[in-house]
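Hi everyone, thanks for making time. I'd like to walk you through a structure that's new to most of you, so let's get it up on the screen.

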Amino acid sequence: MTLNRRTVLAGSLAATSTIALAACAADTPVTETSPPAASVDQAPSELSGEILIGTTDEIPVGTGKKIMLDEELTILVTHPKQDQYRAFNASCTHQGCIVSGVQDGQIACTCHGARFNTDSGEPERGPAETALRKITIEVRGNELYALL
Ligand code: FES
């Protein structure tokens with residue numbers, strides 16, 4: 001078997017994701033977060049390729065799971081309806097806090113109280129005024145892949 005750079009990168013990131021997955025349970029209670037020292041725009045992630053981010057059974061309908069892909073990029077995968085998965089950059093569009101997770105059917109940022117739609121990422125309560133950035137994901141069997 002020949003490994004190219006993309007395969008190796010995806011494989012190593014999958015391992016990283018597995019570690020991050022262990023730390024970010026789907027039913028993790030919403031917790032307070034602090035604004036980051038630098039926004040995502042100031043320190044963009046250089047990840048690219050297809051990254052295995054988990055399996056569908058880890059994210060029941062109505063929940064979400066945060067996955068730290070690297071120090072600059074944490075994503076939130078949501079499951080708003082049966083067989084419908086979405087993923088977003090977890091950095092809040094207000095001031096860059098990492099959103100806390102899904103709470104009462106919305107994506108919650110506890111820094112200043114913003115709420116976002118779990119399907120579209122659009123803000124449903126301020127102070128955030130713009131949508132979370134969507135991340136393309138694919139479901140292959142029971143595996144979820146982020147396409148970066
Ligand atoms: S950073 Fe999310 S509400 Fe302010």
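Okay, one term before we dive in: a nonpolar core here is a set of buried Ala, Val, Leu, Ile, Met, Phe, Trp, Tyr and Cys residues joined through C-beta atoms within 7 Å. And buried has its own cut-off: 20 or more other C-beta atoms lie within 10 Å of the residue's own, while 12 or fewer makes it exposed, anything in between is partly exposed, and the C-beta atoms are placed from the backbone.

Two bits of housekeeping. Numbering starts from 1 along each chain as its sequence is written. This is a predicted model, so local features need pLDDT of at least 70 and side-chain atom pairs count only at pLDDT 80 or more, whereas totals for chains, interfaces and linings use all residues.

Now, the overall layout. We've got one helix and ten strands; by that I mean DSSP runs, H or I over at least four residues for helices and E over at least two for strands, numbered from the N terminus. The helix comes at the N-terminal end, and the strands follow it. Of the 148 residues, 34% are buried.

So which residues touch the most other members of the largest nonpolar core? They're I75, L76, V77, A87, V99 and C109, out of 28 residues in that core. Seven strands each supply at least two residues, among them β1 (50-55), β4 (84-89) and β9 (134-140). The top contributor is β3, with four residues. As a general point, nonpolar side chains in soluble globular proteins tend to be buried together.

Let's zoom in on A87. Skipping neighbours within four places in sequence, A87 is in contact with I75, L76, V77, I135, I137 and A146; contact means C-beta atoms, placed from the backbone, within 7 Å.

Next, β2 and β3. These two form a hairpin with two residues between them. They run antiparallel, joined by six bridges, and two strands count as paired if DSSP finds at least two bridges between them. One of those partnerships is M68 with T74 in β3. Strand β2 is mostly covered, too: five of its seven residues are buried.

Over at the C-terminal end, β9 and β10 make another hairpin, also with two residues in between, and G141 in the turn has a positive phi of about 65 degrees. Five bridges hold this antiparallel pair, and I137 has A146 as its bridge partner in β10. Look at how the side chains of β10 alternate: L144 and A146 point to one face and are buried, while E143, Y145 and L147 point to the other and are not.

Strand β10 also pairs with β1, antiparallel over five bridges, including E50 with L147. Where does G49 sit? In the loop between α1 (5-23) and β1. G49 counts as partly exposed because it has 15 C-beta neighbours inside 10 Å. Its C-alpha is 5.2 Å from that of L148, although the two are 99 residues apart along the chain.

Last stop: an open sheet of four strands, ordered β5-β6-β7-β8, with antiparallel pairing. At its edges are β5 (101-103) and β8 (123-125), each pairing on one side only. Strand β7 (residues 115-117) meets β8 over two bridges, and F116 stands opposite P123 there.

That's my tour, so over to you.

Notes:
Contact = placed C-beta atoms within 7 Å.
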